[in-house]
Amino acid sequence: MQERRTLERFSLKLPAKVEVEPRTPHEKGHVHELETENISSGGAFFRTLRPLVKGTRVKIEVALNFLGHSVQRGNGSLVKLKGEVLHSNPNGMAVRFDRPYTILPQPI
């Protein structure tokens with residue numbers, strides 16, 4: 001199979017919250033606490049035994065840390081974005097990120 005990716009991917013295990021976007025105003029989205037397996041500026045693969053189906057719209061928060069410190073200690077950033085599940089398999093799911101997305105500093 002030929003590689004179709006045009007953006008560089010990084011093998012990074014980053015903590016993330018993936019929430020299914022509600023389809024109605026009264027519906028609450030289910031939140032999955034996952035970890036990235038790899039990530040690029042255009043998307044990420046999340047390892048999970050319960051992947052979402054192709055086409056599912058999601059809201060994502062990915063925590064970045066710096067110098068080995070956790071985000072909770074104020075040494076990181078939080079990336080907030082939306083996306084869509086491109087494909088899934090028994091090991092996880094690939095999500096394409098929408099643009100634009102936001103990177104917020106974490107308070108100390």
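Ile60 is placed in strand E4 of this predicted model. Its relative accessibility is 2%, and Ile60 therefore counts as buried, the cut-off for that class being under 20% relative accessible area. With residues up to four places away in sequence set aside, Ile60 touches Lys17, Val18, Phe46, Val79, Lys80, Leu81, Val95 and Phe97. Among these contacts, Val79, Lys80 and Leu81 fall within the span of strand E5, residues 76–89, whereas Val95 and Phe97 fall within strand E6, residues 92–97. A further relation across the sequence is that between Ile60 and Ala16: the two are separated by 44 residues along the chain, while their C-alpha atoms lie 6.9 Å apart.

Strand E4, which holds Ile60, covers residues 57–65 and runs antiparallel to E5, the two being joined by nine bridges. Within this pairing, Ser77 of E5 is the residue opposite Leu64. E5 also runs antiparallel to E6, with six bridges between them. The connection from E5 to E6 is a hairpin of two residues, and Asn89 has Gly92 of E6 as its bridge partner. Strand E7, residues 102–105, likewise pairs with E5 in the antiparallel sense, over four bridges. In that pairing Leu78 is matched with Leu104 of E7. E5 thus takes part in pairings with E4, E6 and E7. In a regular strand, side chains alternate between the two faces of the sheet.

A second buried position is Thr36, which belongs to strand E2, residues 31–39. The relative accessible area of Thr36 is 1%, so this residue is classed as buried. Its side chain has polar contacts with the backbone at two positions. The backbone oxygen of Leu12 is reached at 2.6 Å, and the backbone nitrogen of Leu14 lies 2.9 Å from a polar side-chain atom of Thr36. Both distances, 2.6 Å for Leu12 and 2.9 Å for Leu14, satisfy the polar-contact limit of within 3.5 Å.

Leu12 and Leu14 also appear in the contact list of Thr36, together with Lys13, Ala44, Phe45 and Phe46, again leaving out residues up to four places away in sequence. Phe46 is touched by Thr36 and also by Ile60, and this residue thus links the surroundings of the two buried positions through contacts.

How values were computed. Residues are numbered from 1 along each chain as its sequence is written. This is a predicted model: local features need pLDDT of at least 70, side-chain atom pairs count only at pLDDT 80 or more; totals for chains, interfaces and linings use all residues. Side-chain values use heavy atoms; hydrogens and water are left out. Buried means under 20% relative accessible area, exposed over 50%, partly exposed in between (1.4 Å probe, protein chains only). A polar contact is a pair of N or O atoms within 3.5 Å; within protein, one must be able to donate a hydrogen and the other to accept it, and residues adjacent in sequence count only if both atoms are side-chain atoms. Contact means heavy atoms within 4.5 Å. Two strands pair if DSSP finds at least two bridges between them.
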